[in-house]
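Q: I am new to this structure and would like to talk through how some of its parts fit together. May we begin once it is on display?

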Amino acid sequence: MSDDLQIASQVMPATPSPRALTAAAFHQLADVPPALTWFANIDNPQTRRAYQNDVEEFMRYTGITDPLAFRDVARAHVLAWRRDLELRALGGATIRRKLAALSSLFESLCEANAIQGNPVDGVKRPKNESTEGKTPAIADHQARALLAAPDPSTLRGMRDRAILATLLYHGLRRAELCALHLIDLQERRGVRSLRVHGKGNKIRYVPLHPAAAGAIAFYLEAAGHCADKAAPLFQPVSNNTRGAGRAITPGGVYQMLAKYAVGAGIEVDGFGPHALRATAATNALEHHADIAKVQEWLGHANIATTRVYDRRHLRPEDSPTFKVVY
């Protein structure tokens with residue numbers, strides 16, 4: 001007997017043991033878990049809300065009222081729904097998100113052994129209409145006008161200028177800004193930094209720009225809550241909410257920005273807090289920031305998302321229009 005066979009005979013049992021998992025047990029489907037189980041695993045509240053709405057829309061379209069009916073969903077149902085979305089003239093990005101939500105649900109049901117396959121697999125999704133995102137980025141002179149718009153003689157003006165500087169100099173998401181607390185102002189290797197709580201509970205550290213640092217310090221000195229490290233950094237300043245220890249809401253940031261945009265003469269379709277994120281990213285890239293560093297700075301999981309903000313080839317001043325001379 002060869003050495004290999006002798007070793008094998010010592011390791012392998014003389015008679016095979018019975019299978020721990022029978023074929024029947026393997027193919028037996030578990031109960032369909034409630035949708036809440038799936039939704040609870042989605043960390044970002046905005047994504048969770050959007051996905052829940054998308055799945056509920058699919059359920060209304062297909063007439064699903066009993067969770068067990070998800071077992072009867074076939075690829076044809078998904079294709080019919082996609083066709084209906086297209087006939088409603090929804091944008092490609094919206095259709096892709098709705099299909100992604102449905103696919104995510106069915107993947108979770110597969111993992112729970114509640115269904116035998118994902119009917120969304122193989123269903124084509126609309127292509128990206130453009131490599132440029134739809135979120136606008138404003139010009140440098142517009143950003144300067146926006147920063148100068150708040151009245152620096154009032155507490156509200158000081159706070160709002162600090163908020164605008166934080167968004168424009170660091171590219172934060174609106175939810176990330178609202179989640180900042182004083183304890184998130186930290187020293188990192190001798191550099192004042194922001195500890196940012198991003199999507200998926202991921203934390204990143206962003207060096208604080210001197211202009212933003214000055215605006216924040218000016219605001220905190222006037223606000224008087226700088227001693228409480230657990231307090232939200234940016235708080236409401238109206239008489240009925242001031243001192244309550246609550247953070248400014250995403251809706252409050254949106255309304256504040258809309259007001260100053262009017263005052264600064266900014267009339268841009270789709271302008272909102274995310275436009276300041278796009279502006280910060282575009283500006284950094286135009287001033288030769290490494291795109292991989294910008295990806296980390298923005299907290300993007302995929303560099304393809306960061307490239308959406310790379311509009312250096314779209315600078316109007318570089319157009320051949322301005323090279324024509326008669």
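A: Certainly. One term is needed at the outset: a residue counts as buried if its relative accessible area is under 20%. Please note also that this is a predicted model.

Q: Then is Phe70 buried or exposed, and why?
A: Phe70 has a relative accessible area of 8%, so it is buried, given the cut-off of under 20%.

Q: How many aromatic pairs are there?
A: The count comes to three aromatic pairs. One of them is formed by Phe70 and Phe106, which are edge-to-face, 5.8 Å centre to centre with 80° between the planes.

Q: Where do those two residues lie along the chain?
A: Phe70 is in the loop between α4 and α5, while Phe106 is in helix α6, so the pair links distant parts of the chain, 36 residues apart. Phe106 also counts as buried, because its relative accessibility is 0%.

Q: What about Tyr219 and Phe234?
A: Tyr219 and Phe234 form a stacked pair, with 5.8 Å centre to centre and 25° between the planes. Tyr219 belongs to helix α10 and Phe234 to the loop between α10 and α11. Both residues are buried.

Q: Changing topic, how do α5 and α6 pack?
A: Their axes are 10 Å apart, at an angle of about 155°, which means that α5 is roughly antiparallel to α6. The crossing of α5 and α6 is right-handed.

Q: Which residues make the contact?
A: Among them are Val78, Trp81 and Leu85 of α5, together with Ile95, Leu99 and Leu102 of α6.

Q: And what lies over the face of Tyr205?
A: Arg188 does, at 3.7 Å from the ring centre.

How values were computed
Residues are numbered from 1 along each chain as its sequence is written. This is a predicted model: local features need pLDDT of at least 70, side-chain atom pairs count only at pLDDT 80 or more; totals for chains, interfaces and linings use all residues. Side-chain values use heavy atoms; hydrogens and water are left out. Rings of Phe, Tyr and Trp (its six-membered ring) pair if their centres lie within 6.5 Å; planes under 30 degrees apart count as stacked, over 60 as edge-to-face and the rest as tilted. Helices (H or I, at least four residues) and strands (E, at least two) are DSSP runs, numbered from the N terminus. Buried means under 20% relative accessible area, exposed over 50%, partly exposed in between (1.4 Å probe, protein chains only). A charge sits over a ring if NZ of Lys or CZ of Arg is within 6 Å of the ring centre and within 35 degrees of the ring normal. Axes are lines fitted to C-alpha atoms, for helices over the stretch in contact, and angles run from 0 to 180 degrees between N-to-C directions. Angles under 35 degrees count as roughly parallel, over 145 as roughly antiparallel, 65 to 115 as roughly perpendicular and the rest as oblique. A crossing is left-handed if the near helix is turned anticlockwise from the far one by less than a right angle, and right-handed if clockwise. Contact means heavy atoms within 4.5 Å.
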